[in-house]
Amino acid sequence: MKDKVLLFINGDPPKSFPNLEEYSLIACTDGAFHYLKNLNFPLEKLDFISGDFDSHSGSDENVYENKFIYTPDQDKTDFQKALEIIAEKDFKKVDVFGGSGGEQDHFLGNLTVAFGFKDQLEIKFYDEFSEYYFIPKQFVITGVKDKMISLYPFPVVENITTKGLNWALTNGNLDITSRIGTRNFAVDNEVSIEYEKGDLLLFVGKNYL
């Protein structure tokens, strides 16, 4: 199994970059390519740039042309097409920057795309407020005491039990239309979450207190 992928997509640019040495492959969509240039990202580190390139102009097209993967399918988002390329390359873990910010329908669309790949790829989103990702039905996270923890059903989660949160759940249900589990926080260094049915999106934010 290969190691992690770093993927930049066209949301809010990151305030800082992760350690690039932790990744076996680094990629971006063509929209994210613009902000990476403006942030003086080392573009030579990119392994591929995917998209329809309808917004590109200038000398960068010639310099990095060998890294462009043309994906013109208008029935899919650039994020979805980039994930398809990554899955074809047999990677399993993807850290995504630029998934939030800007127009909120774009953010929700990115979550929906990630949901569609949850059985193929371990996708984690990162922004200046939190990291967030879909979790399996039995999950433990450590190093989170005093951090904001939000549980978001996608769209329903049944028989959920948590340990280590200030407001615990015991065999409870969450439903996007009536009850969600946002703005909780960890009182222990370790938080465990178990549920029987549904799909759950976990947000781990900054310190609550």
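The following paragraphs describe the pockets, selected secondary-structure elements and two asparagine residues of a predicted model.

The largest pocket has a volume of about 610 Å³. Its lining is made up of 29 residues, and Ser100, Asp127, Glu128, Phe129 and Ser130 are those that lie nearest the centre of the pocket. Several secondary-structure elements take part in this lining: helix α4 (104–116) and strands β7 (130–135), β9, β11 (181–185) and β13 (197–207) each supply at least two residues. Of the contributors, β13 gives the most, with four residues. By residue class, the lining of the largest pocket divides into 13 nonpolar, ten polar and six charged residues.

The second largest pocket holds about 470 Å³ of space. A total of 22 residues line the second largest pocket, with Glu122, Ile123, Tyr133, Phe134 and Pro136 lying nearest its centre. Two or more residues of this lining come from each of β5 (93–97), β6 (122–126), β7 and β13. The largest share, four residues, is provided by β6. The lining of the second largest pocket comprises twelve nonpolar, one polar and nine charged residues. Strands β7 and β13 thus appear among the elements that supply at least two residues to the lining of the largest pocket, and also among those that give two or more to the lining of the second largest pocket.

Helix α1 spans residues 30–38, and within this helix Asp30, Gly31, Ala32, Phe33, Tyr35 and Leu36 are buried. The helix is followed by Asn40, which has a positive phi, near 60°.

In a regular strand, side chains alternate between the two faces of the sheet. Such alternation is found along strand β8 (residues 138–142), where Phe139 and Ile141 point to one face and are buried. The side chains of Gln138, Val140 and Thr142 point to the other face of β8 and are not buried. Strand β8 runs antiparallel to strand β12 (residues 190–194), to which it is joined by five bridges. In this pairing, Thr142 stands opposite Glu190 of β12.

Asn159 lies in strand β9, one of the strands that supply at least two residues to the lining of the largest pocket. Asn159 counts as partly exposed because its relative accessibility is 28%, a value between the limits of 20% for buried and 50% for exposed residues. With neighbours within four places in sequence left aside, Asn159 is in contact with Asn171, Gly172, Asn173, Glu194, Tyr195 and Glu196. With one of these residues, Glu196, the side chain of Asn159 also forms a polar contact of 2.8 Å. The C-alpha atom of Asn159 is separated by 43 Å from that of Tyr35, a residue 124 positions away along the chain; Tyr35 is one of the buried residues of α1.

Asn171, a contact partner of Asn159, is placed in the loop between β9 (147–163) and β10 (172–175). Asn171 counts as exposed because its relative accessibility is 54%, which is over the limit of 50%. Apart from neighbours within four places in sequence, the contacts of Asn171 are with Asn159, Ile160 and Thr161. Between Asn171 and Glu84 the C-alpha to C-alpha distance is 36 Å, and these two residues are 87 residues apart in sequence.

Methods: Residues are numbered from 1 along each chain as its sequence is written. This is a predicted model: local features need pLDDT of at least 70, side-chain atom pairs count only at pLDDT 80 or more; totals for chains, interfaces and linings use all residues. Side-chain values use heavy atoms; hydrogens and water are left out. Buried means under 20% relative accessible area, exposed over 50%, partly exposed in between (1.4 Å probe, protein chains only). Contact means heavy atoms within 4.5 Å. On a 1 Å grid over the protein atoms alone, a cavity is a set of points where a 1.4 Å probe fits but cannot get out, and a pocket is an open set with protein on both sides within 12 Å along at least five of seven lines; lining residues have an atom within 4 Å of a point. Grid points are joined across faces, edges and corners, and a volume is the space filled by probe spheres set on the points. Ala, Val, Leu, Ile, Met, Phe, Trp, Tyr, Cys and Pro count as nonpolar, Asp, Glu, Lys and Arg as charged, and the others, Gly among them, as polar. Two strands pair if DSSP finds at least two bridges between them. A polar contact is a pair of N or O atoms within 3.5 Å; within protein, one must be able to donate a hydrogen and the other to accept it, and residues adjacent in sequence count only if both atoms are side-chain atoms.
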